[in-house]
Every structure is written in C-alpha cells, then in structure tokens.
Amino acid sequence: VFAMLLLISIFVGSGALLQSVTEEKENRMIEMLVTSTSPMSIMLGKIIGLGAAGLLQIAIWIAVGSLSVPQISDQFSGLSSLSVKPELIVLLIAFYFAGYFVFAAFMASIGAASTSVREASQISAIIMIPGIIPIYASALIIPNPDGGLARALTFFPLTAPTASMMRIAGGTEKMYEVVLGLLVTALAGLFLLWLSARVFRAGLLLYGQRMSVRLVWNALRQGD
C-alpha cells in the first residue's frame with residue numbers, strides 16, 4: 001500500500017512539474033520569469049513547492065487510514081492487529097523526497113527540451129515505466145525480498161523507492177541494503193538536479209524548437 005501511495009504521489013508531483021515547465025515555455029511565460037531570477041531558482045521553486053504538495057497528500061492518506069482502520073477492523077479478520085511502525089513512516093518520507101527529486105529532475109529536463117505538452121508527456125512515459133516495474137514484480141519480490149531481482153532494483157534510482165517498500169513488506173533481513181538504496185537514490189536525485197538545471201537553462205528560451213542530442217550534450221558541458 002505504501003509503495004502504491006509513494007508511486008502515485010511521485011508521479012502526480014513530477015507530472016505536474018512537467019506540465020508546468022512545458023506550458024510556461026509554450027506561452028512564453030518563462031521568458032518573463034527568467035528576467036527576475038535564475039533558471040535554477042525557478043526549477044528549485046517548482047520542485048520544492050510541488051514536492052511539499054505531494055507530501056501533504058501522503059500525510060492526508062496516512063491520517064485517513066489511521067482513523068478509518070479502527071472503525072472497520074471488526075469487519076475484516078486480523079485487521080485490528082495491523083500496525084505501522086514509526087520507522088516505516090520515516091522511510092516512506094525519505095524515499096518520497098529522494099524518488100521525487102529523481103523523477104522531477106527528469107521531468108524538468110524533458111519539459112525544457114520539448115516543444116509541447118503532448119510531446120513531453122509521450123517522452124515522460126519512458127521514464128515512468130521503470131517506477132512501475134517493482135509493482136508488477138511484487139509476486140517475485142515479496143516472497144523473496146533478498147533475491148537477486150529485489151536487490152538489483154533497490155540500487156537503481158528509478159525503481160529503488162517502490163522496490164524497497166516491497167522488500168520491507170516481504171520482511172527483508174538486509175535493511176542496510178534498503179538504507180544504502182535510499183542513499184544512492186538521494187545522491188542520484190541531487191546529481192540529476194544539477195544536470196537538469198543545465199538542460200533547463202539551455203532549452204527554456206528555445207520557443208517552438210526541440211533540443212537535439214548535441215544541444216543537450218553542449219548544455220551539460222557548459223560551465224556556470
């Protein structure tokens with residue numbers, strides 16, 4: 001359940017960022033914003049604002065679940081004994097921020113490099129697919145949380161948030177790998193944020209033009 005909530009919240013937040021960047025580039029609003037602040041500040045403001053909104057969604061869902069479970073526990077056998085450990089909530093929040101930064105950095109880059117919302121949405125599907133893989137592979141991960149597949153997905157930033165939740169649900173005996181996967185995801189998110197800022201800066205003023213691979217590479221090599 002936490003993996004699904006985490007995934008939905010990350011996709012909604014990063015998807016909103018993608019749409020915001022692309023629409024502002026289309027209607028040229030971004031040109032007005034960039035006259036008063038830097039591209040990095042604009043992107044950070046969007047990422048932090050939408051990330052906070054997504055975290056609020058998770059908080060509401062958890063609060064509703066905490067209030068509703070005692071009310072319906074008599075209707076389902078064993079539900080009353082279900083408990084959520086505080087450390088799981090901490091991990092959920094940590095993975096949310098780490099995973100969100102990874103997806104948001106990709107979405108911001110796609111939005112800056114695309115010519116329309118439709119084109120950006122089609123490209124973003126390629127980035128979103130890996131995040132869903134652990135959900136479909138849950139029948140393999142949960143019974144064997146310390147298997148090769150589960151461990152591999154834990155260290156890949158796009159699959160680590162949901163795969164780690166699946167391993168916790170399966171009762172993994174290697175929690176240090178989950179924590180290490182969180183660290184890898186967080187570092188990847190910061191690195192991708194730095195890279196995407198360069199693509200964002202190079203592509204935000206290209207009205208009606210699609211960034212080529214060469215332009216993206218030049219943007220990544222360009223100094224501050």
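So, Arg167: buried or exposed? It's buried, because its relative accessibility comes out at 0%, and the cut-off for buried is under 20%. Keep in mind that this is a predicted model, so everything I say today is computed from predicted coordinates.

Where does Arg167 sit? It's in helix H8, which covers residues 160-169. And what does its side chain reach? The backbone oxygen of Pro145, at 2.6 Å. Pro145 also turns up in the contact list for Arg167, if you leave aside neighbours within four places in sequence. The rest of that list is Ile141, Asp146, Ala150, Arg151, Thr154, Thr172, Lys174 and Glu177.

Okay, staying with H8, let's look at its partner, H4. The two helices pack with their axes 9 Å apart, at an angle of about 160°. Anything over 145 degrees counts as roughly antiparallel, and that's why we describe H4 and H8 that way. Which hand is the crossing? Right-handed. On the H4 side, the contact is made by Leu88, Leu91, Leu92, Phe95 and Gly99. H8 brings Ala160, Pro161, Ser164, Met165 and Ile168.

Let me pick one residue out of that contact, Leu91. It belongs to H4, which runs over residues 86-113. Leu91 is buried too, because its relative accessible area is 13% and the limit is 20%. So what does Leu91 touch, once you drop residues up to four places away in sequence? Met165 and Ile168, plus Met175 and Leu182. The first two names should sound familiar, since Met165 and Ile168 are on the H8 side of the helix contact. Now take Leu182: it's 91 residues from Leu91 along the chain, yet their C-alpha atoms are separated by 8.6 Å.

Zooming out to the whole chain. How many helices and strands are there? There are 10 helices and zero strands, so if you read the elements from the N terminus on, you get alpha every time. Out of 224 residues, 42% count as buried. Looking at contacts between residues at least 6 apart in sequence, 77% join residues at least 24 apart. The Leu91 and Leu182 contact fits in there, with those positions 91 residues apart along the chain.

Last one, the surface. The accessible surface of the chain comes to about 11,700 Å². Carbon and sulfur atoms account for 68% of that.

To recap the two residues: Arg167 is in H8 and buried at 0%, while Leu91 is in H4 and buried at 13%.

Conventions. Residues are numbered from 1 along each chain as its sequence is written. This is a predicted model: local features need pLDDT of at least 70, side-chain atom pairs count only at pLDDT 80 or more; totals for chains, interfaces and linings use all residues. Side-chain values use heavy atoms; hydrogens and water are left out. Helices (H or I, at least four residues) and strands (E, at least two) are DSSP runs, numbered from the N terminus. Buried means under 20% relative accessible area, exposed over 50%, partly exposed in between (1.4 Å probe, protein chains only). Contact means heavy atoms within 4.5 Å. A polar contact is a pair of N or O atoms within 3.5 Å; within protein, one must be able to donate a hydrogen and the other to accept it, and residues adjacent in sequence count only if both atoms are side-chain atoms. Accessible areas come from the Shrake-Rupley method with a 1.4 Å probe; for residues, only the protein chains shown count as cover. Axes are lines fitted to C-alpha atoms, for helices over the stretch in contact, and angles run from 0 to 180 degrees between N-to-C directions. Angles under 35 degrees count as roughly parallel, over 145 as roughly antiparallel, 65 to 115 as roughly perpendicular and the rest as oblique. A crossing is left-handed if the near helix is turned anticlockwise from the far one by less than a right angle, and right-handed if clockwise.
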